[in-house]
Amino acid sequence: IIIINHYLDLVFPIIISAKLLRIPIYISVGTQLQSPNIYKNKILNFLDKLICGNLVFPFANKIVAWDNQIIKYLHDIHRSNKIRSKIIEIPFGAKDLYESNFEKKTNYALTHKIVGVGAILDARDFIYIIKIFKKLVIEYPKLKLIIIGHEYTDKTRKYVESEGLSSKVNFLGEIEHNEVIKQLKEADVHCMM
């Protein structure tokens, strides 16, 4: 099985190789193309239909959506029944987090750790969460905020520096799946954009 996730420069060589070798292709979609600007959104939706809808998704055996909002997005943008029939949901690929979390012994000691997971984009920049965190850290000075995910924009990091929160907010970038699960298990709170 070949899994393609976001790397469009690799898509066409992978599709050709997979077809020649008769290997199934699974494409994961974790974030819809989006912009806070409604006009840019229309352009992004058009490009998604044009590129993914015509040149990528038809070659996929399955299209994996990370949550039901991604499924809704895919259904709204790609109206083809051939594409819709390929869509399946695997929430964040973090199934083992929820199952194994119940196996550990109860420990009510706080870690003072808040973890946010997701790529940092213009439309999902974590700044709102950081503003809330800034208020919380006044009352709970031991708190740390950890953000896991690729940084597509540096405005979040610049905001953290400008607010004097660099010692309280850690950016881990992209890390291995098992390490993400470990971070989530250690956290008191998991926040989502």
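Helices (H or I, at least four residues) and strands (E, at least two) are DSSP runs, numbered from the N terminus. The model is predicted: local features need pLDDT of at least 70, side-chain atom pairs count only at pLDDT 80 or more, and totals for chains, interfaces and linings use all residues. Residues are numbered from 1 along each chain as its sequence is written, and side-chain values use heavy atoms, with hydrogens and water left out.

**Exercise 1. Getting an overview**

Find how many helices and strands the protein has, and what share of its residues counts as buried.

*Solution.*
- Step 1: The secondary structure comes to 8 helices and 8 strands.
- Step 2: Let us set the burial terms: buried means under 20% relative accessible area, exposed over 50%, and partly exposed in between (1.4 Å probe, protein chains only). Of the 193 residues, 35% count as buried.
- Step 3: The accessible surface (Shrake-Rupley method with a 1.4 Å probe; for residues, only the protein chains shown count as cover) comes to about 12,400 Å², and 59% of that belongs to carbon and sulfur atoms.
- Step 4: With a contact defined as heavy atoms within 4.5 Å, residues 24 or more positions apart account for 71% of the contacts that have a separation of 6 or more.

**Exercise 2. Both sides of helix 2**

Work out which residues of helix 2 are buried and which residues make a nonpolar surface patch with Leu-47.

*Solution.*
- Step 1: Helix 2 covers residues 38-56 and includes Leu-47.
- Step 2: Look at how the helix begins. Asn-37 caps its N-terminal end, with a side-chain oxygen 2.8 Å from the backbone nitrogen of Tyr-39.
- Step 3: Asp-48, Cys-52, Gly-53 and Val-56 are the buried residues of this helix.
- Step 4: Leu-47, in contrast, is partly exposed at a relative accessible area of 35%. Together with Ile-43, Phe-46 and Leu-50, Leu-47 makes a nonpolar surface patch of about 380 Å². Such patches are made of residues with over 30% relative accessible area and no salt bridge; like charges are joined within 9 Å, nonpolar side chains (Val, Leu, Ile, Met, Phe, Trp, Tyr) within 5 Å.
- Step 5: A reminder for reading the spacing: an α-helix has 3.6 residues a turn, so residues three or four places apart point the same way.

**Exercise 3. Two nonpolar cores**

Identify which elements give two or more residues to the largest nonpolar core.

*Solution.*
- Step 1: A nonpolar core is a set of buried Ala, Val, Leu, Ile, Met, Phe, Trp, Tyr and Cys residues joined through side-chain atoms within 4.5 Å. The largest one has 19 residues, and those with the most contacts inside it are Ile-27, Val-29, Phe-57, Ile-63, Ala-65, Leu-74 and Ile-87.
- Step 2: The elements giving two or more residues to this core are helix 1 (8-21), strand 2 (25-29), helix 2, strand 3 (62-65) and helix 3 (68-77). Helix 3 supplies the largest share, 5 residues.
- Step 3: Zoom in on Ile-87. Leaving out residues up to four places away in sequence, Ile-87 touches Ile-63, Ala-65, Ile-71, Leu-74 and His-75.
- Step 4: Apart from this core lies another, of 17 residues, including Ile-120, Ile-130, Leu-143 and Phe-171.

**Exercise 4. Following the charges**

Find how many salt bridges the whole structure holds, and explain what the pair Lys-155 and Asp-125 ties together.

*Solution.*
- Step 1: A salt bridge is a side-chain nitrogen of Lys or Arg within 4 Å of a carboxyl oxygen of Asp or Glu. A search of the whole structure finds 7.
- Step 2: Lys-155 and Asp-125 form one at 3.2 Å, N to O. Lys-155 is in helix 7 (residues 155-162) and Asp-125 is in the loop between strand 5 (113-117) and helix 6 (127-139), so the pair ties together parts that are 30 residues apart in sequence.
- Step 3: Compare their cover: Asp-125 is buried at 14%, whereas Lys-155 is partly exposed at 32%.
- Step 4: Asp-122 lies in that loop too, and touches Thr-153 and Lys-155, not counting residues up to four places away in sequence.
- Step 5: Glu-151 pairs with Arg-157 at 2.6 Å between the closest N and O atoms, and Lys-158 with Asp-154 at 3.3 Å.
- Step 6: Finally, Lys-113, Lys-182 and Glu-186 are linked in a network of salt bridges. Lys-113 lies in strand 5 and counts as buried at 12% relative accessibility.

How values were computed: A polar contact is a pair of N or O atoms within 3.5 Å; within protein, one must be able to donate a hydrogen and the other to accept it, and residues adjacent in sequence count only if both atoms are side-chain atoms.
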